[in-house]
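Biologist: Before we go through the contacts one at a time, please put the sequence and the model where we can both see them.

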Amino acid sequence: NSAASAASALTWWGDTLVVADKSGFLTAFTVTDYGSCINRAVEADYAGQYEESDRYWNLALDYDANLYAAYIGKGKSEYRRENYVQAMKYYRAVGETEYYSKAKAKFRQEWLEQNALAVGVVAVILLGTLIYFWFFRKKQR
């Protein structure tokens with residue numbers, strides 16, 4: 001009977017989802033441990049409790065290693081820790097391009113800040129070498 005199984009109303013009652021069908025029959029759905037991990041991870045993230053959020057995303061990934069939201073959550077955790085390479089790995093795993101680009105930009109900025117002197121020295125040496133050979137070849141002609 002499809003009319004009896006069609007939901008006509010639903011509401012949350014605490015952590016229980018209550019659904020009424022057209023015949024007035026009520027069905028209660030409780031959150032599983034897996035769903036609870038996801039809910040707690042999202043709540044902790046929203047509250048700024050990032051270490052706790054990270055712990056719950058890890059638990060959620062134990063339940064389902066393909067959970068898109070958990071990879072995004074883990075990526076955000078690593079991003080906040082300024083571990084941009086690890087964040088990029090989580091984002092790349094699920095094809096998340098926007099957050100991946102942000103992490104990559106931060107990684108590049110951090111790398112350049114740490115290696116600016118070396119990059120500058122190499123650039124000066126290369127430029128000096130090019131100028132030397134350019135003048136040296138002119139003299140030979």
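Biologist: Is Asp54 buried or exposed?

Modeller: This is a predicted model, in which local features need pLDDT of at least 70 and side-chain atom pairs count only at pLDDT 80 or more, while totals for chains, interfaces and linings use all residues. Residues are numbered from 1 along each chain as its sequence is written, and side-chain values use heavy atoms, with hydrogens and water left out. On the scale used here, buried means under 20% relative accessible area, exposed means over 50% and partly exposed lies in between (1.4 Å probe, protein chains only). Asp54 has a relative accessibility of 7%, so the residue counts as buried.

Biologist: Which side chain meets Asp54 in a salt bridge?

Modeller: A salt bridge is a side-chain nitrogen of Lys or Arg within 4 Å of a carboxyl oxygen of Asp or Glu, and the structure holds six of them. In one of these, at 2.8 Å from N to O, Asp54 is met by Lys74. The two residues are 20 apart in sequence and join distant parts of the chain, with Asp54 in helix 3 and, in helix 4 (residues 68-80), its partner Lys74. Helices here are DSSP runs (H or I, at least four residues), numbered from the N terminus, and the partner counts as buried at 4% relative accessibility, which answers the question with Lys74.

Biologist: Which residues are linked with Asp54 and Lys74 in a network of salt bridges?

Modeller: One bridge to consider joins the side chains of Arg81 and Glu78 at 3.0 Å, N to O. Glu78 has its place in helix 4 and is buried, with a relative accessible area of 8%, whereas Arg81 is partly exposed at 35%. The residues linked with Asp54 and Lys74 in the network are Glu51, Glu78 and Arg81.

Biologist: How many residues apart in helix 6 are Glu98 and Lys102?

Modeller: The side chains of Glu98 and Lys102 meet in a salt bridge of 3.7 Å, N to O, and Lys102 is partly exposed, with a relative accessible area of 41%. Their separation within helix 6 (residues 97-140) amounts to about one helical turn, because the number of residues by which they are apart is four.

Biologist: Is the pair of rings of Tyr34 and Tyr63 stacked, edge-to-face or tilted?

Modeller: Rings of Phe, Tyr and Trp (its six-membered ring) pair if their centres lie within 6.5 Å, and planes under 30 degrees apart count as stacked, those over 60 as edge-to-face and the rest as tilted. A search of the whole structure finds six aromatic pairs. In the pair of Tyr34 and Tyr63 the ring centres are 5.7 Å apart and the planes stand at 55°, so the pair is tilted.

Biologist: Which parts does that pair tie together?

Modeller: Tyr34 counts as partly exposed at 24% relative accessibility, and Tyr63 is also classed as partly exposed, at 47%. As for the aromatic pair of Tyr34 and Tyr63, with centres 5.7 Å apart, the pair ties together parts that are 29 residues apart in sequence, namely helix 2 (residues 33-46) and helix 3 (residues 50-63).

Biologist: How far from the ring centre of Tyr50 does Arg80 lie?

Modeller: A charge sits over a ring if NZ of Lys or CZ of Arg is within 6 Å of the ring centre and within 35 degrees of the ring normal. The charged end of Arg55 sits over the ring of Tyr56 at 5.0 Å from its centre. Over the face of Tyr50 lies Arg80, and its distance from the ring centre is 3.7 Å.

Biologist: Which helix gives the most residues to the nonpolar patch?

Modeller: Patches are made of residues with over 30% relative accessible area and no salt bridge, like charges being joined within 9 Å and nonpolar side chains (Val, Leu, Ile, Met, Phe, Trp, Tyr) within 5 Å. Val85, Phe107, Trp111, Leu112 and Val119 form such a nonpolar patch on the surface, with about 410 Å² of accessible area together, by the Shrake-Rupley method with a 1.4 Å probe, where for residues only the protein chains shown count as cover. Val85 is found in helix 5 and is partly exposed at 35%, while Val119 is partly exposed at 38%. With four residues, the element that gives the most is helix 6.

Biologist: What is the phi of Glu82?

Modeller: Most residues other than glycine have a negative phi. Glu82 lies in the loop between helix 4 and helix 5. Although Glu82 is not a glycine, its phi is positive, at about 65°.
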